[in-house]
Amino acid sequence: MSRRRLVQTGLVVAGGLTASGLWAAAPAAAQTAATADSGADRLVMLGVDGGPAINAGHAKPALALVAGGSVYLVDCGLDTARQLVASGLGFANVKHLFLTHQHVDHTSGLPDLVLHGWTYARSALAGLTLWGPPGTKQKVTGLQTMFGQDVRLYEAGGGFADYPTLRAHDVKVAGSSAIVRIMEDDNVIVDATRVFHGSEVKDAYAYRFTIKASGKTVVFSGDTAAPDANLIRLARNSDVLVHEAMDTSLIDKITASLPQAQAEELRTHMIQAHSDVSDLPAVAKAAGAQRLVFCHYTPIPQAPSVFAAKAQAAADAIGYRGSIIAPSDLDVITL
């Protein structure tokens with residue numbers, strides 16, 4: 001059975017589980033998986049490792065929704081450019097990037113995306129429109145300030161295409177519970193709402209994409225604490241809910257070596273601003289989401305099958321019957 005077929009059927013390929021709605025992805029020929037059935041609308045999980053700490057062999061948050069042949073990025077963490085190449089997507093069809101919030105694990109891949117995407121001859125980035133909380137426009141200005149000299153030197157003698165046209169929009173969601181339409185093109189309609197990600201993060205957003213050709217809906221939670229009422233409302237009757245996932249039992253492993261005050265601050269943030277994986281089936285059930293897909297695994301890397309098993313136990317307890325998918329980097333989910 002092909003890798004793509006495994007994704008479509010929801011069979012587990014790691015962790016010893018079968019036909020239960022669980023899928024824990026195994027390391028496999030990721031580039032083959034990403035390019036198979038390349039005309040289909042799909043999710044490509046470019047990076048699913050959360051948090052600012054670099055973990056060898058894991059890419060930071062970046063998710064690609066492919067619809068109508070266009071690539072819509074949600075977040076742009078470290079290694080996004082590398083993962084676009086590894087997945088076979090390249091850069092030519094990347095037209096829009098949506099930032100969920102201004103944390104470096106979701107934004108630090110932006111310079112690589114623009115600069116290396118521009119110089120990637122096989123499918124170079126020609127233009128990019130950014131959408132995100134206040135501060136998004138400033139990031140584009142900052143790129144020009146920091147790398148302007150480098151760009152000019154390549155333009156003068158590098159033999160590259162024109163530098164990409166960059167446009168940015170600071171998305172403002174008025175009110176604490178509003179759902180706002182922020183973008184529409186030939187392929188998708190995009191709506192946004194606020195989610196809670198700690199009192200210090202004033203603007204954290206979740207996004208809902210409605211694919212015009214099929215009517216399918218995909219919702220991205222960004223980082224938030226479950227259950228978030230706004231997210232549940234945004235994800236109502238969605239086909240896919242992509243939600244951050246944390247294993248709370250492992251928080252002590254990252255706080256044990258820290259000074260007490262710093263450890264307590266981090267512990268409080270993790271518990272109050274993130275979502276334990278066992279709480280996610282209840283979110284999906286409340287929203288009526290057909291499929292629940294995990295991303296942004298924290299606090300430390302472990303097998304996706306561990307997250308899947310914990311979620312399935314919670315789902316069984318509350319009667320959530322949707323599919324639960326625990327992917328790895330570069331896995332593909334056909335819509």
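Among contacts in the chain between residues at least 6 apart in sequence, what percentage join residues at least 24 apart? In this predicted model, the value is 66%. The chain comprises eleven helices and 15 strands. Of its 335 residues, 55% count as buried. The exposed area of the chain is about 13900 Å², of which carbon and sulfur atoms supply 52%.

Seven of the strands form an open sheet in the order E7-E6-E5-E4-E3-E2-E15, and the pairing within this sheet is mixed. Its edges are formed by strand E7 (165-170) and E15, each of which pairs on one side only. From one strand to the next, the twist averages 20°. Helix H5 (residues 110-118) packs on the sheet, where it touches strand E4 (70-74), strand E5 (94-98), strand E6 (127-132) and E7. The direction of H5 makes about 170° with that of E6. Helix H6 (residues 136-157) lies across E6 and E7, and runs at about 150° to E7.

Within the sheet, strand E2 (residues 42-47) pairs with two strands, E3 and E15. The pairing of E2 with strand E3 (residues 62-67) is antiparallel and extends over four bridges; in this pair, Leu43 stands opposite Leu65 of E3. Strand E15 (residues 331-334) is likewise joined to E2 by four bridges, and these two strands run antiparallel. Here Val44 is found opposite Val332 of E15. Six of the six residues of E2 are buried, and E2 is therefore largely enclosed by the rest of the structure.

Burial was also examined along helix H3 (residues 80-87), in which the buried residues are Thr80, Ala81, Gln83, Leu84 and Ser87. These residues lie on the same side of H3, because they cover an arc of only 165° around the axis. In general, an α-helix has 3.6 residues a turn, so residues three or four places apart point the same way. Gly88 follows H3 and has a positive phi, near 90°.

Cysteine residues were considered separately. A disulfide is a covalent bond between the sulfur atoms of two cysteines. With sulfur atoms required to lie within 2.5 Å of each other, the count of disulfides comes to zero. Cys76 has a relative accessibility of 0%, and Cys76 therefore counts as buried, the cut-off being under 20%. Cys295, at 9% relative accessibility, also counts as buried.

How values were computed
Residues are numbered from 1 along each chain as its sequence is written. This is a predicted model: local features need pLDDT of at least 70, side-chain atom pairs count only at pLDDT 80 or more; totals for chains, interfaces and linings use all residues. Side-chain values use heavy atoms; hydrogens and water are left out. Buried means under 20% relative accessible area, exposed over 50%, partly exposed in between (1.4 Å probe, protein chains only). Two strands pair if DSSP finds at least two bridges between them. Contact means heavy atoms within 4.5 Å. Accessible areas come from the Shrake-Rupley method with a 1.4 Å probe; for residues, only the protein chains shown count as cover. The arc is that of the directions from the helix axis to the C-beta atoms. Axes are lines fitted to C-alpha atoms, for helices over the stretch in contact, and angles run from 0 to 180 degrees between N-to-C directions.
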